[in-house]
Amino acid sequence: MTASSDRPRIRLKPKANARGLRHGFPWVYANDIVTDRRTRKIEAGALVVLEDDKRTAIALVAVNPASKIMCRVLDRDTEARLNAEWFETRIHRALEMRERLFDAPYYRLIHAEADGFPGVIIDRFGDACVIQPNAAWAEAHLDALTEALVKVTGVATVLKNASGRTRGLEGLDDVSLTLRGTAPEEPLPVPMNGATYMADLTGGQKTGLFYDQRPNHAFAARLVHPGAHVLDVFSHVGGFGLAMLAGGAAQALSVDGSAAALELAVKGAEASGHAARFRTRQGDAFDVLTKLGEEGATFDVVICDPPAFAPSKQALDAGLRAYERIARLAAPLVKPAGYLGLCSCSHAADLGRFRDASSRGIGRAGRQAQLIHTGFAGPDHPQLPQLAESGYLKAVFYRL
């Protein structure tokens with residue numbers, strides 16, 4: 001790798017927030033960069049020295065002229081070399097924290113910017129890891145990243161998942177690959193909160209399982225009592241439902257639009273020893289909630305964990321209306337003195353707006369509520385304090 005004196009340089013416009021970048025903000029948007037014919041010709045994923053408007057070096061960044069996020073900060077040291085040691089040091093640092101916090105190797109190992117790998121997600125499933133390289137620089141350095149990952153963790157299998165929406169924004173392909181070892185032919189069992197979940201690493205959503213809700217699953221499990229009937233809407237592979245069965249619920253109903261996800265949920269219930277107490281219902285969540293209300297069904301605990309209704313600022317208003325509607329439809333299904341948990345993974349909808357929309361929906365349903373708990377993603381999904389988007393997950397729990 002060349003020294004910084006030999007690297008291309010790009011410059012911030014005078015009105016750009018250089019101070020924010022020096023204080024840890026990891027992105028530079030295209031409209032903050034002085035662009036000319038030379039900068040537009042920089043290859044996607046190339047390493048460049050970022051300067052302020054006075055030509056003082058700020059950081060080593062990865063550039064993608066085709067992306068709205070034109071620069072991603074990789075290192076404050078502009079002389080840094082992205083060699084084996086660079087990758088291994090950062091993976092070691094991430095692994096040390098996960099091994100301290102979790103007693104089994106099932107967790108998010110790398111959480112993008114917060115772990116020093118902008119745009120990169122790595123989830124670990126025992127002896128296998130799934131990488132989502134959602135930025136051009138990570139795609140360009142995928143071999144080095146994979147080598148370091150295997151060396152540091154000792155995993156035998158590494159898969160590349162190319163389904164991330166942001167890959168398209170970065171101009172990257174959607175071709176998933178087996179990078180090391182052999183892809184598992186069957187879903188892998190993953191133990192969490194006393195339940196067993198089945199993770200499809202090659203055909204499932206994202207990397208195969210959502211680890212971020214682990215602490216919220218655990219909280220929901222504390223709300224059940226022997227004999228409790230629970231409803232888990234947008235359940236994916238069993239999510240809250242399996243955790244609440246492990247916590248002592250008598251019966252769980254999981255609702256999802258995906259037949260494949262519900263099939264994995266059933267397998268998880270069987271592996272957990274709860275098959276006789278686990279039911280599924282496939283369909284559009286709004287329709288199923290409406291029909292359950294018409295049927296007069298009620299539950300001791302109802303959880304709704306939808307996909308991102310507000311994935312961008314442009315979708316915020318419509319997303320908040322959708323969250324309010326979910327709350328309005330779900331609240332009547334909760335027994336008196338029962339519990340309602342509502343979740344959002346929309347980074348565009350901050351906690352205050354999401355909580356307000358949820359509370360409005362409960363009120364419109366004619367229910368009175370106590371807000372008893374607010375949950376976030378687990379510690380294997382650390383937040384970068386300077387990047388609000390890294391704190392995307394919110395969960396609010398009410399007693400009605």
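This report walks through helix packing, nonpolar cores and a handful of single residues in a predicted model.

**Helix pairs**

Three helix pairs are worth a look, and the table sets out their geometry.

| Pair | Axis separation | Crossing angle |
|---|---|---|
| H7 (residues 214–222) and H8 (residues 239–246) | within 8 Å | roughly 45° |
| H3 (residues 84–101) and H5 (residues 142–153) | 9 Å | about 45° |
| H10 (residues 285–295) and H11 (residues 316–330) | within 9 Å | roughly 25° |

Let's start with H7 and H8. Their axes cross at roughly 45°, so the two helices are oblique to each other, and the crossing is right-handed. On the H7 side, the contact is made by Asn-216, His-217, Ala-220 and Ala-221, while H8 puts in Gly-239, Phe-240, Ala-243 and Met-244. Sort those residues by class and you get 5 nonpolar, 3 polar and no charged.

H3 and H5 pack at about 45°, which means that they are oblique to each other too. Here the crossing is right-handed. H3 brings Phe-87, Glu-88, Ile-91, His-92 and Leu-95 to the contact, and H5 answers with Ala-144, Leu-145, Ala-148, Leu-149, Lys-151, Val-152 and Thr-153. The tally for this contact is 8 nonpolar, 2 polar and 2 charged residues.

That leaves H10 and H11. With the axes crossing at roughly 25°, H10 counts as roughly parallel to H11, because the angle falls under the 35 degrees used as the limit. The handedness of this crossing is left-handed. Phe-286, Leu-289 and Thr-290 are the H10 residues involved, and they meet Ala-322, Arg-325, Ile-326, Leu-329 and Ala-330 of H11. By class, that contact comes out at 6 nonpolar, 1 polar and 1 charged.

**The nonpolar cores**

In soluble globular proteins, nonpolar side chains tend to be buried together. In this model, the largest nonpolar core has 38 residues, and the members touching the most others are Phe-125, Val-190, Tyr-197, Leu-209, Met-244, Val-301 and Phe-397. H8 supplies the largest share of this core, with 5 residues. Met-244 ties two parts of the picture together: it is on that list of best-connected core members and is also one of the H8 residues in the contact with H7.

What does Phe-397 touch, once residues up to four places away in sequence are left out? The answer takes in Asn-216, Phe-219, Ala-220, Leu-223, Phe-240, Ile-303, Leu-340, Gly-341, Gln-370, Leu-371, Ile-372 and His-373. Asn-216, Ala-220 and Phe-240 will look familiar, as they also take part in the contact between H7 and H8.

Apart from this core lies another, of 36 residues, with Val-255, Ala-285, Leu-329 and Leu-400 among them. Leu-329 turns up in the contact of H10 with H11 as well.

**Two buried residues**

Ser-254 sits in strand S14 (residues 251–256). Its relative accessible area is 0%, so Ser-254 is buried. Setting aside neighbours within four places in sequence, Ser-254 is in contact with Asp-232, Ser-235, Gly-238, Leu-262, Phe-278, Arg-279, Thr-280 and Arg-281.

Leu-82 belongs to the loop between strand S5 (69–75) and H3. Is Leu-82 buried or exposed? With 7% relative accessibility, Leu-82 counts as buried, because the cut-off is under 20%. Its C-alpha atom is separated by 24 Å from that of Gln-386, and the two residues are 304 apart along the chain.

**Loops and positive phi**

Most residues other than glycine have a negative phi. Two residues here go the other way. Arg-55 has a positive phi, near 70°, and is found in the loop between strand S3 (46–51) and strand S4 (57–63). Its relative accessible area is 54%, so Arg-55 is exposed. Asn-193 has a positive phi of about 55° and lies in the loop between strand S11 (188–192) and strand S12 (195–199). Asn-193 is partly exposed, with a relative accessible area of 32%.

Finally, there's Gly-273, in the loop between helix H9 (259–272) and strand S15 (278–282). Gly-273 counts as exposed at 59% relative accessibility. From Gly-273 to Arg-72 it's 46 Å, C-alpha to C-alpha, with the two 201 residues apart in sequence.

Note on methods:
Residues are numbered from 1 along each chain as its sequence is written. This is a predicted model: local features need pLDDT of at least 70, side-chain atom pairs count only at pLDDT 80 or more; totals for chains, interfaces and linings use all residues. Side-chain values use heavy atoms; hydrogens and water are left out. Axes are lines fitted to C-alpha atoms, for helices over the stretch in contact, and angles run from 0 to 180 degrees between N-to-C directions. Helices (H or I, at least four residues) and strands (E, at least two) are DSSP runs, numbered from the N terminus. Angles under 35 degrees count as roughly parallel, over 145 as roughly antiparallel, 65 to 115 as roughly perpendicular and the rest as oblique. A crossing is left-handed if the near helix is turned anticlockwise from the far one by less than a right angle, and right-handed if clockwise. Contact means heavy atoms within 4.5 Å. Ala, Val, Leu, Ile, Met, Phe, Trp, Tyr, Cys and Pro count as nonpolar, Asp, Glu, Lys and Arg as charged, and the others, Gly among them, as polar. A nonpolar core is a set of buried Ala, Val, Leu, Ile, Met, Phe, Trp, Tyr and Cys residues joined through side-chain atoms within 4.5 Å. Buried means under 20% relative accessible area, exposed over 50%, partly exposed in between (1.4 Å probe, protein chains only).
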